[in-house]
Amino acid sequence: MKRQHLPIGTLVVGVVAVISSGLAGCDLFGGGGGTSLPKEIVMWGDPDPESDAMFPTVRDVNNEDDRFVVIGTDGSVQFSVGKVCNVCTVEGSTILVGGGRINIRFGPGLNGTGERRPFLVNDEGYYIQLVTEADTVVFVAETVVFEEPDNPDDDLAVRVGSFPNPALAG
């Protein structure tokens, strides 16, 4: 898969440049001032009236069990590595990273196979891959389209509930 990398630094100018090229990153290991894990996690539902699928995790293009984000009811984005993005916020089913947008959309995964579940998809309709680089998790815009023709109006995930964050259980 062809992709572009662009980690987000602390400068706003850098963030705008990264987002405009279709890629964004979150400095989450050293900087940003100690963002804590969300206490409650959003449960996402499939907007298809024929489906009752619900999931707490939102996967990337690889559709792997161990590579995902969860969204806190407080609007925070937690990565599967147990860290929180310091430059992300969430509005509805859209993650805002600087000036960029990543949507949470339900679909069957690559090649239309697999169960319907939520995936990270950019505003241009391309899957996102989560890549860890040093102290940054990078949202990488892939060249793989989520669907043809692209129509986010019928597959944006919906919030159907919440539950305590399992990462805080101990």
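This report describes the fold, the nonpolar cores and selected residues of one protein chain, as seen in a predicted model.

**Overall architecture**

The protein chain contains one helix and 13 strands. Read from the N terminus, the order of elements is α-β-β-β-β-β-β-β-β-β-β-β-β-β, with the helix placed ahead of the strands. The chain has 170 residues, of which 44% count as buried. Among contacts with a separation of 6 or more, 58% are between residues 24 or more positions apart. The accessible surface of the chain comes to about 8300 Å², and carbon and sulfur atoms account for 52% of that surface.

**The nonpolar cores**

In soluble globular proteins, nonpolar side chains tend to be buried together. In this model, the largest nonpolar core has 24 residues. The members that touch the most other members are V69, I71, V77, I95, L120 and F139. Two or more residues of this core come from each of the strands β2 (40-45), β5 (68-71), β6 (77-79), β7 (88-91), β8 (94-97), β9 (100-107), β11 (126-133) and β12 (136-145). Apart from this core lies another one, of five residues, including V61, F119, Y127 and F146.

I95 may serve as an example from the largest core. When neighbours within four places in sequence are left aside, I95 is in contact with V69, I71, V77, C88, T89, V90, G100, R101, I102, I104 and L120. Several of these partners, namely V69, I71, V77 and L120, are also listed among the core members that touch the most others.

**A buried serine and an exposed glutamate**

S76 is found in the loop between β5 and β6. The relative accessible area of S76 is 10%, so this residue counts as buried, the cut-off being under 20%. The side chain of S76 makes a polar contact with the side chain of D74, at 2.6 Å. Not counting residues up to four places away in sequence, S76 touches P38, V70, I71, V84 and V90.

E91, by contrast, lies in strand β7 and has a relative accessibility of 53%. E91 therefore counts as exposed, because its value is over 50%. Between the C-alpha atoms of E91 and N103 the separation is 9.8 Å, and these two residues are 12 residues apart along the chain.

**A nonpolar patch on the surface**

Nonpolar residues also appear on the surface: M54, V158 and V160 form a patch there. Together they have about 250 Å² of accessible area. M54 is placed in strand β3 (residues 54-55). With a relative accessibility of 49%, M54 counts as partly exposed.

**Backbone features in the loops**

Two asparagine residues have a positive phi value, in each case in a residue other than glycine. The table sets out their values.

| Residue | Phi | Loop | Relative accessibility |
|---|---|---|---|
| N63 | near 55° | between β4 (58-59) and β5 | 30%, partly exposed |
| N111 | near 60° | between β9 and β10 (117-122) | 76%, exposed |

A further backbone feature is a cis peptide bond, which joins E148 and P149. Its omega angle is about -15°. P149 is found in the loop between β12 and β13 (158-164).

Key: Residues are numbered from 1 along each chain as its sequence is written. This is a predicted model: local features need pLDDT of at least 70, side-chain atom pairs count only at pLDDT 80 or more; totals for chains, interfaces and linings use all residues. Side-chain values use heavy atoms; hydrogens and water are left out. A nonpolar core is a set of buried Ala, Val, Leu, Ile, Met, Phe, Trp, Tyr and Cys residues joined through side-chain atoms within 4.5 Å. Buried means under 20% relative accessible area, exposed over 50%, partly exposed in between (1.4 Å probe, protein chains only). Helices (H or I, at least four residues) and strands (E, at least two) are DSSP runs, numbered from the N terminus. Contact means heavy atoms within 4.5 Å. A polar contact is a pair of N or O atoms within 3.5 Å; within protein, one must be able to donate a hydrogen and the other to accept it, and residues adjacent in sequence count only if both atoms are side-chain atoms. Patches are made of residues with over 30% relative accessible area and no salt bridge: like charges are joined within 9 Å, nonpolar side chains (Val, Leu, Ile, Met, Phe, Trp, Tyr) within 5 Å. Accessible areas come from the Shrake-Rupley method with a 1.4 Å probe; for residues, only the protein chains shown count as cover. A salt bridge is a side-chain nitrogen of Lys or Arg within 4 Å of a carboxyl oxygen of Asp or Glu.
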